[in-house]
Amino acid sequence: MRINVFLLLVAVSLGGLSLSAQTITNQGNGKYSLNVGHVTMTVDASRGGKIVSYKYDDKEVLSQTRMPNSFGSTFWTSPQSEWNWPPVPEYDSKPFDVQATDATLLLTGEKSKRFGYRVRKEFTTDVKKNAIIITYTIVNESDETRKVAPWEISRVPNGGILFFDAKEATPANNMKGLPFEYKKKAAWYVLDEARDHRKINADGKGWLAFYDNGLLFVKKFPDLKPSEPAPAEAEIQIYANPGKTFVEIEEQGAYTTLKPGEELSWTVCWYLTPTDLPAEPSKALLKKALSMIK
């Protein structure tokens, strides 16, 4: 018995594994949950592989409205000018095939009939970082060399505050801008209501934070140079839907040339923790967010 226990501890030490139970669970009806500590993410493979829930214990941070294109978190290709609207169904709404183990959830979408891309989404957990790691892959299965960028769109309720490291935020997509404040070493937007569709582009520093209802949600991703996003796009985008509905917190990867058969992978890390700090611009809130992604 002592030998068996010793071998188990050696295997855990060498593999960097956790002694906790499995982190991925099949909930049925196409839904899978990932757990790390108090945090649970739910992914729905039957609906475009969307992240439909992200909770700390029983507290939800993502929008749960059921209007189309208003809830959870999705993935598109950029630039939007290539497909305009509505979102490409093979990326956004059609079912994804599933390969799941106790530690990895891999979703594979259909090849887009219109563009020839196929999207994969791989979900894992990192116990040491207390994070959920998402790697998106775009595969060029067309017979043409093309340029494309990855784009994650996460929808949150209209409340609280969002912030990131940037010196300016400019109006985008022919919409009105948002009332950002630039102080305490960040760009801050206290979410508000308006009748207009509003959107901004910004050159960030590889992270984006949202805080409301006692939950701080931070995303970390590769930092881009101003020249790297797709045309008319940006590393960070914020879209506010009219009224007291939802806000999209978005980030994009580099605009990349893919030859037939080549693929582009891009990783985003999600973090979620409770805090009792006020939902207002402050050095303390910025410090808390940055400490989560170190």
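**Notebook: aromatic pairs, cores and an open sheet**

I began with Trp-151, which is buried, its relative accessible area being 0%. I keep in mind that this is a predicted model.

*Entry on aromatic rings.* I searched the whole structure for aromatic pairs and found 16 of them. In one pair, Trp-76 and Trp-151, the ring centres are 5.2 Å apart and the planes stand at 90°, so I noted the pair as edge-to-face. Trp-76 belongs to strand E6 (residues 73-78) and Trp-151 to strand E11 (residues 146-157), so this pair ties together parts that are 75 residues apart in sequence. I then asked whether Trp-76 is buried or exposed. At 3% relative accessibility, Trp-76 counts as buried, because the cut-off for that label is under 20%. I also recorded that Trp-76 and Trp-151 form one aromatic cluster with Trp-83 and Trp-85.

*Entry on charges over rings.* I looked up two cases in which a charged residue is placed over a ring. Arg-66 has its charged end over the ring of Phe-71, 4.5 Å from the ring centre, while Lys-121 lies over the face of Phe-96, at 5.0 Å from the centre of that ring.

*Entry on nonpolar cores.* Which members of the largest nonpolar core touch the most other members? This core has 60 residues, and I listed Met-41, Tyr-54, Leu-162, Phe-164, Phe-180 and Ile-238 in answer. Strand E22 (residues 263-274) supplies the largest share of this core, namely 5 residues. Another core, of 18 residues, lies apart from it and includes Ala-131, Trp-207, Leu-216 and Tyr-271. I followed Leu-162 further and, leaving aside its neighbours within four places in sequence, found it in contact with Phe-180, Ala-187, Trp-188, Tyr-189, Leu-191, Ala-209, Phe-210, Ile-238, Val-247 and Ile-249.

*Entry on the sheet.* I traced an open sheet of 10 strands, antiparallel in its pairing, whose order reads E7-E8-E9-E10-E22-E18-E17-E12-E15-E14. Its edge strands, E7 (97-100) and E14 (181-183), each pair on one side only. Direction ignored, neighbouring strands of this sheet are turned by 20° against each other on average. Within the sheet I checked strand E12 (residues 161-164) and strand E17 (residues 207-212), which pair in the antiparallel sense over 3 bridges, with Phe-163 standing opposite Ala-209 in E17. Which helix packs on the sheet? I found helix H3 (residues 283-292) there, touching E12, strand E15 (186-190), E17, strand E18 (215-220) and E22, and its direction makes about 50° with that of E18.

*Entry on Ala-202.* I located Ala-202 in strand E16 (residues 198-202), and at 4% relative accessibility I counted it as buried. The C-alpha atoms of Ala-202 and Lys-167 are separated by 8.3 Å, although the two residues are 35 residues apart along the chain. Neighbours within four places in sequence aside, Ala-202 is in contact with Phe-164, Ala-166, Glu-168, Ala-169, Ala-234, Glu-235 and Ile-236; Phe-164 I had already listed in the largest nonpolar core.

*Entry on Ser-112.* Where does Ser-112 lie? I placed Ser-112 in the loop between strand E8 (105-108) and strand E9 (117-126), where I noted it as buried, with a relative accessible area of 1%. Leaving aside neighbours within four places in sequence, I found Ser-112 in contact with Val-88, Glu-90, Tyr-91 and Tyr-117.

Conventions. Residues are numbered from 1 along each chain as its sequence is written. This is a predicted model: local features need pLDDT of at least 70, side-chain atom pairs count only at pLDDT 80 or more; totals for chains, interfaces and linings use all residues. Side-chain values use heavy atoms; hydrogens and water are left out. Rings of Phe, Tyr and Trp (its six-membered ring) pair if their centres lie within 6.5 Å; planes under 30 degrees apart count as stacked, over 60 as edge-to-face and the rest as tilted. Helices (H or I, at least four residues) and strands (E, at least two) are DSSP runs, numbered from the N terminus. Buried means under 20% relative accessible area, exposed over 50%, partly exposed in between (1.4 Å probe, protein chains only). A charge sits over a ring if NZ of Lys or CZ of Arg is within 6 Å of the ring centre and within 35 degrees of the ring normal. A nonpolar core is a set of buried Ala, Val, Leu, Ile, Met, Phe, Trp, Tyr and Cys residues joined through side-chain atoms within 4.5 Å. Contact means heavy atoms within 4.5 Å. Two strands pair if DSSP finds at least two bridges between them. Axes are lines fitted to C-alpha atoms, for helices over the stretch in contact, and angles run from 0 to 180 degrees between N-to-C directions.
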